[in-house]
Amino acid sequence: MAAESSRLPERIDRDAPVFAISVAARLAGMHPQTLRTYDRLGLVSPRRTSGRGRRYSPRDVDRLRMVQHLSQVEGINLEGIHRILQMQDLVEDLQAQVRDLEERLRQALVAPAGSRFFTADPSGGVRMGSSVGRPHPPRALTGR
C-alpha cells in the first residue's frame with residue numbers, strides 16, 4: 001500500500017500553486033523582485049497563501065519565461081506584453097469553448113434521433129436535452 005500512495009500522479013496539474021517566489025524566480029531565471037513587479041503590473045499573478053505569500057504554478061513559470069523572452073529578445077515593452085498575454089488568454093478561452101462545443105456536437109450526433117433536443121437556459125446558454133421520461137418531446141422547427 002505504501003508504494004501505491006507514493007506514486008506520482010499520471011498527470012501533473014499545471015495550475016497547481018506549488019512554488020514559492022524564490023523557487024519560481026530561480027526556475028524562470030529572474031530575481032524575486034522582478035516577479036513581484038510583474039505581479040504588481042498584472043503580467044503574472046500567482047495565487048496567495050493564507051499568510052499572503054505568493055505561490056506560483058508551473059504555468060506561471062512558463063508565463064514568466066515568456067514575459068522575459070518578449071521583453072529581452074523581442075524588445076517589447078511591458079504594456080505590449082500585457083496586451084499580448086491578454087490576447088493569449090482570450091485565445092485559450094476560445095479554444096476551450098470550441099473543444100466543449102465539438103464534444104457537445106459529437107454527443108448530439110451519436111444520440112438517437114428521437115431523443116435529441118436543445119433548450120436555452122436563462123443566461124442564454126444552449127443545452128442538449130433528452131426526451132427520455134418525457135411524454136411529448138419538443139418538436140423540431142421546420143424550415144421555410
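User: In what order do the helices and strands of the protein chain run from the N terminus on?
Analyst: First, the model is predicted: local features need pLDDT of at least 70, side-chain atom pairs count only at pLDDT 80 or more, and totals for chains, interfaces and linings use all residues. Residues are numbered from 1 along each chain as its sequence is written, and side-chain values use heavy atoms, with hydrogens and water left out. The chain has five helices and five strands, taken as DSSP runs numbered from the N terminus (H or I of at least four residues for helices, E of at least two for strands). From the N terminus on, the order is α-β-α-α-β-β-α-α-β-β.

User: What percentage of the residues of the protein chain count as buried?
Analyst: Buried means under 20% relative accessible area, exposed over 50%, and partly exposed in between (1.4 Å probe, protein chains only). Of the chain's 144 residues, the share that counts as buried is 22%.

User: Which non-glycine residue has a positive phi of about 75°?
Analyst: Look in the loop that runs between strand E2 (47-48) and strand E3 (54-56). The residue there counts as exposed because its relative accessibility is 55%. With a phi of about 75° and no glycine identity to go with it, this is Arg52.

User: How many salt bridges does the structure hold?
Analyst: Side chains of opposite charge can pair when their charged atoms come close. The cut-off here is a side-chain nitrogen of Lys or Arg within 4 Å of a carboxyl oxygen of Asp or Glu. By that rule, the number of salt bridges in the structure is eight.

User: How many residues apart in sequence are the parts that the Arg59 and Asp15 pair ties together?
Analyst: The side chains of Arg59 and Asp15 meet in a salt bridge, N to O at 2.5 Å. Arg59 sits in helix H4 and Asp15 in the loop between helix H1 (2-5) and strand E1 (19-20), so the pair ties together parts whose separation in residues is 44.

User: Is Asp15 buried, partly exposed or exposed?
Analyst: Its partner Arg59 has a relative accessible area of 40% and counts as partly exposed. Asp15 has 32%, so it is partly exposed.

User: Which residues are linked with Arg14 in a network of salt bridges?
Analyst: Start in helix H4, where Arg65 and Asp62 lie three residues apart, about one turn of the helix. Those two form a salt bridge, with the closest N and O atoms 3.7 Å apart. Relative accessible areas are 39% for Arg65 and 34% for Asp62, so both are partly exposed. The residues that share the network with Arg14 are Asp62 and Arg65.

User: How far apart are the closest N and O atoms of Glu103 and Arg106?
Analyst: This pair sits in helix H5, three residues apart, which means a separation of about one helical turn. Glu103 is partly exposed at 32%, and Arg106 is also partly exposed, at 43%. They form a salt bridge in which the closest N and O atoms are apart by 2.6 Å.

User: About how much space lies in the largest pocket?
Analyst: A pocket is found on a 1 Å grid over the protein atoms alone, as an open set of points where a 1.4 Å probe fits, with protein on both sides within 12 Å along at least five of seven lines. The volume is the space filled by probe spheres set on the points, joined across faces, edges and corners. For the largest pocket that comes to about 160 Å³.

User: How many charged residues are in the lining of the largest pocket?
Analyst: Lining residues have an atom within 4 Å of a point, and here they are Arg14, Arg59, Asp62, Arg63, Met66, Gln88, Asp89, Glu92 and Asp93. Helix H4 (58-72) and helix H5 each supply at least two of them. Apart from one nonpolar and one polar residue, the charged residues number seven.

User: Which residues make the nonpolar surface patch of about 330 Å²?
Analyst: Patch residues have over 30% relative accessible area and no salt bridge, with nonpolar side chains joined within 5 Å and like charges within 9 Å. One member lies in helix H5 (residues 78-110), namely Leu105. The full set is Leu105, Leu109 and Val110.

User: What separates the C-alpha atoms of Gln86 and Leu43?
Analyst: Gln86 is in helix H5, and its 45% relative accessibility is why it counts as partly exposed. Arg83 is found in helix H5 too, and its C-alpha lies 9.3 Å from that of Leu43, 40 residues away in sequence. Gln86 and Leu43 are 43 residues apart along the chain, and their C-alpha atoms are separated by 9.0 Å.

Methods:
Accessible areas come from the Shrake-Rupley method with a 1.4 Å probe; for residues, only the protein chains shown count as cover. Ala, Val, Leu, Ile, Met, Phe, Trp, Tyr, Cys and Pro count as nonpolar, Asp, Glu, Lys and Arg as charged, and the others, Gly among them, as polar.
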